Amino acid sequence: MPELTRQQTEFRAAMANLSAAVTVITTDGPRGRAGMTVSAACSVTDSPPTVLVCVNRTARSHDVLVGNGRLAVNVLGAGQEDLALHFAGATGVPTAERFTDGRWDLATHGVPVLTGACASVVGTVVAEQASGSHSVLFVEVDTVITGDDPAALVYFQRRFHSLGTTAA
C-alpha cells in the first residue's frame, strides 16, 4: 500500500470526527452470498425510496454486490458490534460462516436480512458511480423493516459506540 499524502492523512483524521451509523451490507444471487461492514451508507430520497452505499472497489465483496444487483442495508444496534467486526474481516470468521449463527433471514427477501437490526432496507442497485477508489451504489428500496432496538451502533474516532435515546 502506498504511503498516504499529508492531505489524505488530514482528511482521514477529519472524517474520524464524523459519526456514522454502522451497517452490514449483504447480498445473495448468481455471484454468491457476501456481506461487509460499511459506515458510508445514507438515505438519498424518499421519492422513490433510495439509499446510497459506498464500497471500495478492491473489497472482496464489491464485485459480488454489484454483480448480484440486489442487497440489504442492515443498520446495527448497540449489541451487534460482534457482527460489525465479523463482516469487517477483523475476527477471521470465513465469509461462508458469517451467516450461520441463526440471526439471519436467508429466504424471505432473496438476500440475507439481519433479524433484530435497528432497521433493514432491501432493494435493487439502480446506478453505480465510480469516485476515486470507491463505487457509489444507488439502491432503490422495495422493502423496509424496522426493529425495536432503541440504541444504535455508531463509529466515531475509529471506535464503536452505543447511542441510545434519552428521556426529554
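Two residues are taken to be in contact when heavy atoms of each lie within 4.5 Å. The structure described here is a predicted model.

In this model, Thr27 lies in strand β2, which spans residues 23-27. With neighbours up to four places away in sequence left out, Thr27 touches Gly32, Arg33, Ala34, Val64, Leu65, Asn68, Arg70, Leu71, Val111 and Pro112. The relative accessible area of Thr27 is 0%, and because the limit for a buried residue is under 20%, Thr27 counts as buried. Two polar contacts of the Thr27 side chain can be described. One is made with the side chain of Asn68, at 3.1 Å. In the other, a polar atom of the Thr27 side chain lies 2.6 Å from the backbone oxygen of Arg70. Arg60 is 33 residues from Thr27 along the chain, and the C-alpha atoms of these two residues are separated by 13 Å.

A second buried site is Asn74, found in strand β6. Its relative accessible area is 0%. The side chain of Asn74 makes a polar contact of 3.2 Å with the side chain of Thr26. Beyond four places in sequence, Asn74 touches Val22, Thr23, Val24 and Thr26, together with Trp104, Pro112, Val113, Leu114, Ala119 and Ser120. Pro112 thus appears in the list for Asn74 and also in that for Thr27.

Gln80 is located in the loop that runs between β6 (70-75) and α3 (81-87). Despite the loop position, Gln80 is buried, with a relative accessible area of 8%. The side chain of Gln80 reaches the backbone oxygen of Gly116 at a distance of 3.3 Å. Gly116 is also one of the residues in contact with Gln80 once neighbours within four places in sequence are set aside; the others are Val75, Leu114, Thr115, Ala117 and Leu153. Leu114 is likewise among the residues touched by Asn74.

Val125 belongs to strand β9, residues 119-131. Not counting residues up to four places away in sequence, Val125 touches Gly69, Leu71, Leu137, Phe138 and Val139. Leu71 is also listed among the residues touched by Thr27. The C-alpha atoms of Val125 and Val66 are 7.4 Å apart in space, with the two positions 59 residues apart in sequence numbering.

Asp101 occupies the loop between α3 and β7 (104-105). With a relative accessible area of 37%, Asp101 is partly exposed, in contrast to the buried Asn74. The side chains of Asp101 and Arg103 are joined by a polar contact of 2.8 Å. Asp101 and Ala34 are 67 residues apart in sequence, and their C-alpha atoms are 15 Å apart.

Two features of the backbone geometry concern loop residues. Most residues other than glycine have a negative phi, and most peptide bonds are trans. Arg158, which is not a glycine, has a positive phi of about 60°. Arg158 lies in the loop between β11 (151-156) and β12 (159-164). The peptide bond from Ser47 to Pro48 is cis, with omega near -5°. Pro48 is found in the loop between β4 (41-46) and β5 (49-56).

At the level of the whole chain, the model has 3 helices and 12 strands. The radius of gyration is 16 Å, close to the 15 Å that the globule rule gives for 168 residues, so the chain is as compact as a globular protein of that length. Along the principal axes, the C-alpha atoms fill a box of roughly 45 × 45 × 40 Å. Buried residues account for 35% of the 168 residues. Of the contacts between residues at least 6 apart in sequence, 63% join residues at least 24 apart.

The accessible surface of the chain comes to about 9300 Å², and carbon and sulfur atoms contribute 54% of that area. The chain carries 11 positive and 15 negative charges, whose mean positions are 8 Å apart.

Key. Residues are numbered from 1 along each chain as its sequence is written. This is a predicted model: local features need pLDDT of at least 70, side-chain atom pairs count only at pLDDT 80 or more; totals for chains, interfaces and linings use all residues. Side-chain values use heavy atoms; hydrogens and water are left out. Helices (H or I, at least four residues) and strands (E, at least two) are DSSP runs, numbered from the N terminus. The radius of gyration is taken over C-alpha atoms; the globule rule is 2.2 Å times the number of residues to the power 0.38. Buried means under 20% relative accessible area, exposed over 50%, partly exposed in between (1.4 Å probe, protein chains only). Accessible areas come from the Shrake-Rupley method with a 1.4 Å probe; for residues, only the protein chains shown count as cover. Lys and Arg count as positive and Asp and Glu as negative; His and the chain ends are not counted. The place of a charge is taken as NZ of Lys, CZ of Arg, CG of Asp or CD of Glu. A polar contact is a pair of N or O atoms within 3.5 Å; within protein, one must be able to donate a hydrogen and the other to accept it, and residues adjacent in sequence count only if both atoms are side-chain atoms.
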